[in-house]
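Let's take a relaxed tour of one protein model, looking at its annotated sites and the empty spaces inside. Have the structure open as you read.

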Amino acid sequence: MALDYKNNSSIKNFVEYLQIPSVQPNVNYDGCVNFLKRQSTEIGLSFKVYELVPTKPIVILTWLGSDPSLPSILLNSHMDVVPVFEESWTYPPFSGHIDEHGKIFARGSQDMKCVGIQYLEAIRKLKSSGIQLKRTLHVSFVPDEEIGGHDGMKIFVHTDSFKALNVGFALDEGMANPDEEFIVFNGERNIWQIHVICTGQPGHGSLLIPNTAGEKMRYIINKFMDLRDEQKKILESNPKLTIGDVTTINLTQVFGGVQSNVVPEKLTVVFDCRLAIHVDHEEFENRIKQWCKEAGEGVTFEFEQKNSPVECTKTDDSNIYWVAFKSVADELNLKLDIRIFPGGTDSRYVRKVGIPAIGFSPMNHTPVLLHDHDEFLDANIFLKGIDIYVKLIPAIANV
């Protein structure tokens with residue numbers, strides 16, 4: 001069985017792409033760019049590289065539509081993958097090993113090199129069958145999504161080069177689902193990463209000094225963690241809710257102090273907050289200000305990251321692209337589960353400039369292993385995903 005998979009041309013391309021170690025940090029994207037250039041030549045797509053930041057290429061492959069004046073379709077994926085702990089993997093994480101059950105093991109097999117190759121393999125099939133699309137199709141391969149996309153999609157959407165693509169609708173990554181449904185994401189929570197700086201009276205560790213940084217930090221931590229508990233209870237009390245429907249708060253870093261017997265003059269605690277789409281941002285920030293005031297004099301906060309609200313993509317008849325997407329799902333009997341994405345993807349930057357975007361990775365009956373050890377994708381699921389895009393791409397490009 002595995003031998004048959006290994007001889008499949010689509011899987012060969014997938015494995016070759018997985019074997020390029022485009023792993024954070026300090027990614028060398030040359031291997032990805034060279035691979036994609038060869039693919040564009042084979043398939044018959046135009047190829048362009050934009051390098052807004054040195055060594056951070058944005059690759060665009062384009063299939064010109066019969067009516068290029070119409071808004072185009074963007075199929076986005078990212079080239080980078082997260083780090084690995086190789087000793088915890090059954091097979092080398094950049095080997096693209098296919099086991100006897102047809103599972104393809106590699107970092108990026110789910111997040112998200114699979115989708116990039118599925119786009120290309122679907123286009124290859126469509127072009128070889130003589131199909132012509134009405135709208136122009138752009139396939140983007142961007143850098144640095146795994147570290148926030150700041151040198152990739154975040155700045156690209158504001159350039160004249162991106163505006164010239166005339167994008168009307170975008171598809172980007174989703175997530176695997178162990179169940180029957182295909183999860184579709186039409187929005188994302190807002191990322192707020194907050195550093196709370198607590199200053200106080202320093203002194204000897206043997207004394208009970210008043211007004212210490214530690215006392216103030218304890219107050220702040222309690223307030224954030226109490227809110228975390230509230231949100232956890234809301235999620236657990238309603239089986240219809242998913243993690244994307246609530247605000248998550250996690251204490252991720254604590255630093256400060258000089259040595260164990262010195263009361264420090266400053267301690268800092270960092271929280272990663274993902275604000276649910278219904279949260280009033282001004283009200284939430286005012287709550288943090290109030291906590292800092294209550295904690296005592298000399299408590300301030302600053303943002304490492306603070307996303308502003310972004311409108312969710314409509315999943316009703318007002319969105320012609322969604323209507324086309326849904327019609328294909330119905331035709332193929334795909335059960336869809338529409339959710340708010342729990343993390344962050346490049347879709348938030350696309351939506352922020354007013355372009356509707358849907359996150360979709362066609363991986364049902366698949367455990368969620370993004371960023372995990374032994375990340376894999378079943379070959380049958382991968383191939384089925386190509387067939388889904390063969391139907392999906394013409395539907396949305398011919399709207």
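## Starting with a histidine

Where is the place of His371? Look in the loop between strand E16 (357–360) and strand E17 (376–378), and you'll find His371 there. Keep in mind that this is a predicted model, so what follows describes a prediction.

His371 counts as partly exposed, because its relative accessible area is 45% and that class runs from 20% to 50%. Who does His371 touch? Leaving out residues up to four places away in sequence, His371 touches Val82, Arg107, Asp111 and Glu146. With one of these, Asp111, there is also a polar contact between the side chains, at 3.0 Å.

## Two annotated sets

UniProt has an unreviewed entry for this protein, and under "binding site" it lists Asp111, Glu146 and His371. These residues are spread over 261 residues of sequence, yet they cluster in space: the largest C-alpha distance is 9.9 Å. From this set, Asp111 is part of the lining of the largest cavity.

The unreviewed UniProt entry also places a "binding site" feature at His78, Asp111 and Glu173. Why can we say that these residues gather at one spot? They span 96 residues in sequence, but no two of their C-alpha atoms are more than 8.8 Å apart, so they do come together in one place. Of these residues, Asp111 and Glu173 are included in the lining of the largest cavity.

## Asp111, a name that keeps coming back

Asp111 is listed with Glu146 and His371, and it is listed with His78 and Glu173 too. Asp111 lies in the loop between strand E5 (103–105) and helix H4 (113–128).

Is Asp111 buried or exposed? It is buried: its relative accessible area is 5%, and buried means under 20%. Setting aside neighbours within four places in sequence, Asp111 is in contact with His78, Val81, Glu146, Glu173, Leu370, His371 and Glu375. Its side chain makes a polar contact with the side chain of His78, at 3.2 Å, and another polar contact, at 3.0 Å, joins the side chains of Asp111 and His371.

## His78, on a strand

Now move over to His78, which lies in strand E3 (residues 72–78). His78 counts as buried, because its relative accessibility is 1%.

What does His78 touch, if you don't count residues up to four places away in sequence? The answer is Tyr17, Asp111, Met112, Val142, Glu145, Glu146 and Glu173. So picture His78 touching both Asp111 and Glu173, the residues it shares a UniProt "binding site" feature with.

## The largest pocket

Time to look at the empty spaces. The largest pocket holds about 510 Å³ of space. It is lined by 24 residues, and those nearest its centre are Glu145, Glu146, Arg274, Gly344 and His371. You've met some of these names already: Glu146 and His371 are in one of the UniProt "binding site" sets, while Glu145 is among the residues that His78 touches.

What is the lining of the largest pocket made of? Its residues divide into 8 nonpolar, 10 polar and 6 charged.

## Two cavities

How many cavities of 30 Å³ or more are there? The count comes to 2. The largest cavity has a volume of about 50 Å³. Its lining is made up of Gln110, Asp111, Met112, Glu173, Gly174, Met175, Ala176, Ser361, Met363 and Leu370. By class, that gives 5 nonpolar, 3 polar and 2 charged residues.

The second largest cavity comes in at about 40 Å³. It is lined by Leu74, Asn76, Met153, Ala170, Leu171, Asp172, Asp346, Ser347, Val350 and Ala357. Which strand gives the most to this lining? That's E7, with 3 residues. E3, strand E7 (167–172) and helix H10 (347–352) each supply at least two of the lining residues, and E3 is the strand where His78 lies. The lining of the second largest cavity divides into 6 nonpolar, 2 polar and 2 charged residues.

Note on methods: Residues are numbered from 1 along each chain as its sequence is written. This is a predicted model: local features need pLDDT of at least 70, side-chain atom pairs count only at pLDDT 80 or more; totals for chains, interfaces and linings use all residues. Side-chain values use heavy atoms; hydrogens and water are left out. UniProt positions are given in the numbering used here, feature names are shortened, and annotations may be inferred rather than shown by experiment. On a 1 Å grid over the protein atoms alone, a cavity is a set of points where a 1.4 Å probe fits but cannot get out, and a pocket is an open set with protein on both sides within 12 Å along at least five of seven lines; lining residues have an atom within 4 Å of a point. Helices (H or I, at least four residues) and strands (E, at least two) are DSSP runs, numbered from the N terminus. Buried means under 20% relative accessible area, exposed over 50%, partly exposed in between (1.4 Å probe, protein chains only). Contact means heavy atoms within 4.5 Å. A polar contact is a pair of N or O atoms within 3.5 Å; within protein, one must be able to donate a hydrogen and the other to accept it, and residues adjacent in sequence count only if both atoms are side-chain atoms. Grid points are joined across faces, edges and corners, and a volume is the space filled by probe spheres set on the points. Ala, Val, Leu, Ile, Met, Phe, Trp, Tyr, Cys and Pro count as nonpolar, Asp, Glu, Lys and Arg as charged, and the others, Gly among them, as polar.
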